[in-house]
Each structure stands twice: as C-alpha cells, then as structure tokens.
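Mentor: Let us work through this model by question and answer. Keep the picture in view as we go.

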Amino acid sequence: MEPRAVGVSKQDIREQIWDHMESQNLADFPRPVHHRIPNFKSNKTLLVPTPRLRTGLFNKITPPPGATKDILRKCATSQGVRNYSVPIGLDSRVLVDLVVVGSVAVSEKGWRIGKGEGYADLEYAMMVSMGAVSTETPVVTIVHDCQVVDIPEELLEEHDITVDYILTPTRVIATGCERPQPMGITWSKISREMMEKIPVLRSLRAREQQAGKDVTLQGEHQHLPEPGRQQAVPLSAGRRPPDTPGPEASSMAAACGSPPGEGAPLAADAYVGNLPRDARVSDLKRALRELGSVPLRLTWQGPRRRAFLRYPDSAAAQQAVSCLQGLRLGTDTLRVALARQQRDK
C-alpha cells in the first residue's frame, strides 16, 4: 500500500489499514476490523496472552490429551485460557524465547503501530520487569502484506516496542531494527484506571517502589522532601523505619512491613467474599503470593464463601485491599474490603 502524505498520525495509518482490509475483504473473523488487531488466515498457529491482563500476565495452556482441532482452537480464546491453563506467578523463573505481537501496521524498519490501547507495549514492559525477556529476545509480528507501510520515526514513543521480524503470507522481513526496546514499565504512562483493571500491575509497582524506582503514575505529582527535612516513608511501601528487624529477621516482614511487637500498631483484617463454592484455601493462598499480599494469618470460612486476612496494621491491610481489587478465582470476581479491627485475644 502507498502511505499517505507527510504529517500523518498513528490514527491516520490505523484508519488507512482498517479501511483497506475491509474494502478488499482481506480480514478474517471478527469483523469489522476497525479498532482491532486484524485477523487473517495464513496457516499459522497463534498463542495469545491473558485477555486484557485481568488475571495476570502469563498462563500456561495445557490442552487435554487427544485434543481435537476444535479444542485446540478454543485454547487460543479467553474461554480456553480459563478452562485449559494455570497462571504463572511473578516469581516464576520463566524465560521467553520469542515474542509474537499483533499489529495494525508495521514498517520494514521495524516500527509498529497497534490498535491504540497499549496492551502489547505494556505486556512487553511487564516481561522486562519480571526478567522474562532480554535485549536478545526476538520480537516477531504476523501481518498481511497490505499492513506493511512506511511509518515516520517521529511517531514512535519511548514505550513503543519494535519488531525484529515481519511475517506475511508472501515474505519474511528481517528489519535489522537497532532502536532499543523499552527497559521496563513507564509508570508515568499508567493511569489509576488501568491500575484498578490490572491487579498484576499493582504488585509490580509495589516491587519497583520497594526497589527505590520512580513509580509516579499518570497525573500524579512526585512528592519530594523539603531541604533539611526527613521524608516519612510509609510502611506499606515496603520500607522499614530505623531500629526495626530487617528482612533477614522475618520473610513475612519483608512482604508486609515491620512485624508487630512492643508498641506496634493494632493489627487489621481484610475481608474476602464471593469465594467460589468449589474454591480451596490453596487457591487463595497462591493468588495472594502472586500479588505480593501475603497476610500474617488467613482465616478460611469456605462454607460461608469468605475469608479474613490479618495484616500487621491498617495501612498494610488497606494496601492489600487496593491490590486485590478485581481479583478472580475461576470465573468469580471476589469482593474485597477492610474488616473491623479486632484486638488479638
């Protein structure tokens, strides 16, 4: 396809590709392709990430023995992810050998344009933060020939990923792209709304905040200490005040802040409701570990479809409640809120 004139925007290129693929009937289901990554048949098998990152970044899909073609197709859908996969936690030592990413448009230089929601860029950045990819990990996109166009380099932003190889029905293009890939999550591009929708982001942010990185979100202002005045660091950020035991004293303290003791704040509970009827306590414990919200104590009330999580203080409990919003076990979204504070008897 011939690109449009100078001064083109990313959205202009998206509309050009979408209009052409619709007018020439090049796209496969779902239609129309506008506001989507176009699908088309090229006899290649694609595996997809967790839909919209709602339950984490990675899922290990294991088709049942003797799976038919219909079941294999279903494995690549959101329903298949729910039925035939297990989540891979942030602490898993997973290494990705090849990243396959969808595109609306791509240039032979390796510049890529997605559908405008930023999920592919975010998924890659999260993999960098987890140590799952490196600068040597190749990135491949599979597109129709009509989607290969010239893209002005000035349209690229620092969080945009590029591709090393372009596969079309007729060509394999090695882009030779030397532009560095994103080195991690650009938190200033992440909104509060996105943090609420993607629980795993909250866990990653807590980790990077604990490591001392700038995790200021979009629209937030970083608060700097006044000259000559010490800045107070909340325990919920994963730091500890002077004269408290370090991580070597308690692995639980490293996750939840300083351990309760003499003069410590009153412990606080978080309530977890709407547990699935067939849920096990191990399911909830695994989810809590993956999100970095391990409590001091877990009280399981399975028959009543609820549980209580004990944290060392109200700040830690509130942080856990924020982190667990939107958490799902199976197909059910859990209800999470602060419970009444209760003194230990």
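Trainee: Leaving aside neighbours within four places in sequence, which residues is T137 in contact with?

Mentor: Contact means heavy atoms within 4.5 Å. With neighbours within four places in sequence left aside, the residues in contact with T137 are V96, D97, L98, V99 and D164.

Trainee: What pLDDT do local features need in this predicted model?

Mentor: Residues are numbered from 1 along each chain as its sequence is written, and side-chain values use heavy atoms, with hydrogens and water left out. This is a predicted model: totals for chains, interfaces and linings use all residues, side-chain atom pairs count only at pLDDT 80 or more, and local features need a pLDDT of at least 70.

Trainee: Does T137 count as buried or exposed?

Mentor: T137 sits in the loop between α4 (119-130) and β6 (139-142). Buried means under 20% relative accessible area, exposed over 50%, partly exposed in between (1.4 Å probe, protein chains only). T137 has 8% relative accessibility, so T137 counts as buried.

Trainee: Which backbone nitrogen does the side chain of T137 reach?

Mentor: A polar contact is a pair of N or O atoms within 3.5 Å; within protein, one must be able to donate a hydrogen and the other to accept it, and residues adjacent in sequence count only if both atoms are side-chain atoms. At 3.0 Å, the T137 side chain reaches the backbone nitrogen of S134.

Trainee: Now the whole chain. How many helices and strands are there?

Mentor: Helices (H or I, at least four residues) and strands (E, at least two) are DSSP runs, numbered from the N terminus. The chain has 345 residues, of which 39% count as buried. Its helices number nine and its strands 14.

Trainee: Among contacts between residues at least 6 apart in sequence, what share joins residues at least 24 apart?

Mentor: These are contacts within the chain, between residues at least 6 apart in sequence. The share joining residues at least 24 apart is 67%.

Trainee: What is the strand order in the open sheet of four strands?

Mentor: Strands pair if DSSP finds at least two bridges between them. Here the pairing is antiparallel, and the order is β10-β11-β9-β14.

Trainee: Which strands stand at the edges?

Mentor: An edge strand here has a single partner, so one side of each is left without a neighbour in the sheet. Those two strands are β10 (297-301) and β14 (335-338).

Trainee: Which residue in β11 is the bridge partner of L298?

Mentor: β10 and β11 (residues 306-311) pair in the antiparallel sense over five bridges. One bridge joins Q301 to R306. For L298, the partner in β11 is L309.

Trainee: Which residue in β11 does V272 stand opposite?

Mentor: β11 also pairs with β9, antiparallel, over six bridges. β11 is mostly covered, with five of its six residues buried. Opposite V272 in β11 stands A307.

Trainee: At what angle does α8 run to β10?

Mentor: Axes are lines fitted to C-alpha atoms, for helices over the stretch in contact, and angles run from 0 to 180 degrees between N-to-C directions. Helix α8 (residues 281-290) lies across β10 and β11. Its angle to β10 is about 145 degrees.

Trainee: Does R305 count as buried, partly exposed or exposed?

Mentor: R305 is in the loop between β10 and β11. That hairpin has four residues between the strands, and R305 takes a positive phi near 55 degrees there. At 21% relative accessibility, R305 counts as partly exposed.

Trainee: How many Å apart in space are R305 and P276, C-alpha to C-alpha?

Mentor: P276 is one of the residues in contact with R305, along with others including G273 and D332. R305 and P276 are 29 residues apart in sequence. Their C-alpha atoms are apart by 6.7 Å.

Trainee: Which strands do the buried residues of α1 pack against?

Mentor: Helix α1 (residues 10-23) reaches 20 Å from its first C-alpha to its last, close to the 20 Å expected (1.5 Å times one less than its number of residues). Its buried residues are K10, I13, R14, Q16, I17, W18 and M21. They pack against β4 (105-106) and β5 (112-113).

Trainee: Which residue just after α6 takes a positive phi?

Mentor: In α6 (residues 199-210), the buried residues include P199, L204 and E208. Among the elements covering the buried residues of α6 are α4 and α9. Just after α6, a positive phi of about 90 degrees belongs to G212.
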